[in-house]
Amino acid sequence: MRRNKSIIIERRSDCPLSCTLDLIGDKWSLLIIRDMLFFGKSTYNEFLDSAERISTNILNDRLIKLVETGLVRYTGPAKRKKYILTETGTDLKLIIEAFGMYGSKHFSGAKEYLKEQMASERKTVKKRAS
């Protein structure tokens with residue numbers, strides 16, 4: 001496994017919220033981490049299959065950033081990388097759950113969407129296991 005040198009995140013202030021947003025404040029990073037935490041995704045193509053339809057250049061950029069900042073690591077050769085959350089990345093679970101609860105409460109159709117995604121993912125996991 002290639003070791004990436006961690007980059008230093010430019011911080012706007014020492015405010016804990018601001019520091020966290022400097023690290024993961026873009027929507028794509030949060031959605032990739034969501035896919036890893038809740039849907040068990042770990043490969044480039046699995047991330048591309050997400051409902052939000054991330055473009056390949058954005059996905060590549062965000063995966064590099066997540067690895068460089070120490071939230072994600074990878075194993076395997078370049079063409080078959082499997083991305084894995086580090087302990088620091090896994091610590092974001094409560095934040096992502098809170099975002100999800102907020103969205104479920106305030107956006108119509110969000111609860112139904114979540115149920116559909118979970119059902120779809122269960123089918124996908126069963127297919128992978130077969």
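How many residues lie between strand 1 and strand 2 in the hairpin that they form? The hairpin has 6 residues between its two strands, and Gly76 in the turn has a positive phi of about 95°. This report describes the hairpin together with the other parts of the structure, which is a predicted model.

## Overall organisation

The protein chain contains 7 helices and 2 strands. Read from the N terminus, its elements follow the order α-α-α-α-β-β-α-α-α. Of the 130 residues in the chain, 30% count as buried.

Contacts across the sequence can also be described for the chain as a whole. Among those between residues at least 6 apart in sequence, 50% join residues at least 24 apart.

## The hairpin

Strand 1 (72-75) and strand 2 (82-85) pair in the antiparallel sense, over 4 bridges. Within this pairing, Tyr74 stands opposite Tyr83 of strand 2.

In a regular strand, side chains alternate between the two faces of the sheet. Strand 1 has a covered face made up of Val72 and Tyr74, while Arg73 and Thr75 belong to its uncovered face.

## The nonpolar core

The largest nonpolar core holds 19 residues, and those touching the most other members are Ile32, Ile33, Met36, Phe47, Leu71, Val72 and Tyr83. Two or more residues of this core come from each of helix 2 (27-39), helix 4, strand 1 and strand 2. Helix 2 gives the most, with 5 residues.

Tyr83 belongs to this core. Apart from its neighbours within four places in sequence, Tyr83 is in contact with Met36, Ser42, Phe47, Leu63, Val67, Val72, Arg73 and Tyr74. Three of the core residues named above, Met36, Phe47 and Val72, are thus among the contacts of Tyr83.

## The largest pocket

The largest pocket has a volume of about 760 Å³. It is lined by 20 residues, of which Arg34, Ile96, Phe99, Gly100 and Leu114 are the closest to its centre. By character, the lining divides into 12 nonpolar, 4 polar and 4 charged residues.

Helix 2, helix 6 (93-106) and helix 7 (110-129) each supply at least two residues of the lining. The largest share, 7 residues, comes from helix 6. Helix 2 therefore appears both in this lining and in the largest nonpolar core.

## Selected residues

Thr43 is placed in the loop between helix 2 and helix 3. Setting aside neighbours within four places in sequence, Thr43 is in contact with Lys81 and Lys82. From C-alpha to C-alpha, Thr43 and Lys82 are 5.1 Å apart in space, although 39 residues separate their positions in sequence.

Met118 lies in helix 7. Is this residue buried or partly exposed? Met118 is partly exposed, because its relative accessible area of 30% falls between the limits of 20% and 50%. Met118 and Phe39 are 79 residues apart in sequence, and their C-alpha atoms are 7.7 Å apart in space.

Arg53 is found in the loop between helix 3 (44-48) and helix 4 (56-68). Arg53 counts as exposed because its relative accessibility, 72%, is over 50%. Although Arg53 is not a glycine, it has a positive phi of about 55°.

Key
Residues are numbered from 1 along each chain as its sequence is written. This is a predicted model: local features need pLDDT of at least 70, side-chain atom pairs count only at pLDDT 80 or more; totals for chains, interfaces and linings use all residues. Side-chain values use heavy atoms; hydrogens and water are left out. Buried means under 20% relative accessible area, exposed over 50%, partly exposed in between (1.4 Å probe, protein chains only). A nonpolar core is a set of buried Ala, Val, Leu, Ile, Met, Phe, Trp, Tyr and Cys residues joined through side-chain atoms within 4.5 Å. Contact means heavy atoms within 4.5 Å. On a 1 Å grid over the protein atoms alone, a cavity is a set of points where a 1.4 Å probe fits but cannot get out, and a pocket is an open set with protein on both sides within 12 Å along at least five of seven lines; lining residues have an atom within 4 Å of a point. Grid points are joined across faces, edges and corners, and a volume is the space filled by probe spheres set on the points. Ala, Val, Leu, Ile, Met, Phe, Trp, Tyr, Cys and Pro count as nonpolar, Asp, Glu, Lys and Arg as charged, and the others, Gly among them, as polar. Two strands pair if DSSP finds at least two bridges between them.
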